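Here is a walk through one protein fold, strand by strand and helix by helix. Keep the viewer open as you read.

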Amino acid sequence: MPKATAYSFKHKSATATVQIYFDGTCGVYNVQSEKRKKGHGTGLMKKIVKWADKHDRTVLITADAFGPKSFKKNKDLADFYKRFGFLDAKNPPIYLKRFPR
């Protein structure tokens with residue numbers, strides 16, 4: 001079986017891994033930022049969607065926060081991802097999909 005391909009993205013303190021699946025879609029994993037509300041995550045997502053559009057990739061992402069008030073955090077994350085063209089895939093916790101433009 002061929003190996004899957006992964007790419008790392010970084011913008012200031014925000015980092016993420018994008019895994020290319022065998023069907024050509026890609027998933028975003030390990031999205032982390034040491035600083036919140038500083039634009040780091042926004043810059044990171046702009047890089048990821050620009051790359052995905054350039055390579056004609058559909059992106060899958062899960063808004064899945066941890067800790068206290070995680071349901072509200074999931075909704076906040078989903079709203080954040082929707083700003084970049086992700087659509088609600090109607091599955092819990094909150095799965096989103098973005099098609100290339």
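Which residue of strand 4 does glycine 27 stand opposite? The partner of glycine 27 is leucine 60. We'll get back to that pairing once the overall layout is clear. One thing to keep in mind throughout: this is a predicted model.

**The layout**

The protein has two helices and six strands, and along the sequence they come in the order β-β-β-α-β-α-β-β. Out of 101 residues, 35% count as buried. Among contacts with a separation of 6 or more, 47% link residues 24 or more positions apart. On the outside, about 6800 Å² is exposed, with carbon and sulfur atoms supplying 54% of that area.

**Strands 1 to 4**

Start with strand 1 (5-11) and strand 2 (14-20). These two run antiparallel and are joined by seven bridges; one pairing puts lysine 10 across from threonine 15 in strand 2. The hairpin they make has two residues between the strands, and lysine 12 takes a positive phi near 55 degrees there. Lysine 12 is also exposed, at 55% relative accessible area.

Strand 2 then pairs with strand 3 (26-33), again antiparallel, this time through six bridges. Isoleucine 20 stands opposite cysteine 26 of strand 3. This second hairpin has five residues between its strands, and glycine 24 in the turn has a positive phi of about 95 degrees.

Strand 2 has two distinct sides: Ala14, Ala16, Val18 and Ile20 make up the covered face, while Thr15, Thr17 and Gln19 are on the uncovered one. So threonine 15, the bridge partner of lysine 10, sits on the uncovered face, whereas isoleucine 20 sits on the covered one.

Now back to the opening pair. Strand 3 and strand 4 run parallel and are joined by two bridges, and glycine 27 faces leucine 60 across them. In strand 4, Leu60 and Thr62 form the uncovered face, with Val59 and Ile61 on the covered one.

The pairings side by side:

| Strand pair | Direction | Bridges |
|---|---|---|
| strand 1 and strand 2 | antiparallel | seven bridges |
| strand 2 and strand 3 | antiparallel | six bridges |
| strand 3 and strand 4 | parallel | two bridges |

**The two helices**

Helix 1 has 15 residues and reaches 21 Å from its first C-alpha to its last, close to the 21 Å expected at 1.5 Å a residue. Its buried residues are His40, Thr42, Gly43, Leu44, Met45, Ile48, Val49, Trp51 and Ala52. Just after helix 1, aspartate 56 takes a positive phi of about 55 degrees. Aspartate 56 belongs to the loop between helix 1 and strand 4, and it is exposed, with a relative accessible area of 59%.

Helix 2 has 13 residues, which should span 18 Å at 1.5 Å a residue; the end C-alpha atoms are 18 Å apart, so the two values agree. Which residues of helix 2 are buried? They are Asn74, Ala78, Phe80 and Tyr81. Seen down the helix axis, the buried residues fall within an arc of 160 degrees, so they line one face of helix 2. As background, an α-helix has 3.6 residues a turn, so residues three or four places apart point the same way.

Aspartate 79, also in helix 2, is partly exposed, with a relative accessible area of 46%. Aspartate 79 and alanine 63 are 16 residues apart in sequence, and their C-alpha atoms are 9.1 Å apart in space.

**The core**

What holds the most contacts inside the largest nonpolar core? That would be Met45, Ile48, Tyr81 and Phe86, in a core of 22 residues. Strand 2, strand 3, helix 1, strand 4 and helix 2 each supply at least two residues of this core, and helix 1 gives the largest share, six residues. In general, nonpolar side chains tend to be buried together in soluble globular proteins.

Tyrosine 81 is a good residue to click on. Setting aside neighbours within four places in sequence, tyrosine 81 is in contact with Val31, Met45, Ile61, Thr62, Ala63, Phe86 and Leu96. Of these partners, Ile61 is on the covered face of strand 4, Thr62 is on the uncovered one, and Met45 is among the buried residues of helix 1.

Definitions and conventions. Residues are numbered from 1 along each chain as its sequence is written. This is a predicted model: local features need pLDDT of at least 70, side-chain atom pairs count only at pLDDT 80 or more; totals for chains, interfaces and linings use all residues. Side-chain values use heavy atoms; hydrogens and water are left out. A nonpolar core is a set of buried Ala, Val, Leu, Ile, Met, Phe, Trp, Tyr and Cys residues joined through side-chain atoms within 4.5 Å. Buried means under 20% relative accessible area, exposed over 50%, partly exposed in between (1.4 Å probe, protein chains only). Helices (H or I, at least four residues) and strands (E, at least two) are DSSP runs, numbered from the N terminus. Contact means heavy atoms within 4.5 Å. Accessible areas come from the Shrake-Rupley method with a 1.4 Å probe; for residues, only the protein chains shown count as cover. Two strands pair if DSSP finds at least two bridges between them. The expected span of a helix is 1.5 Å times one less than its number of residues. The arc is that of the directions from the helix axis to the C-beta atoms.
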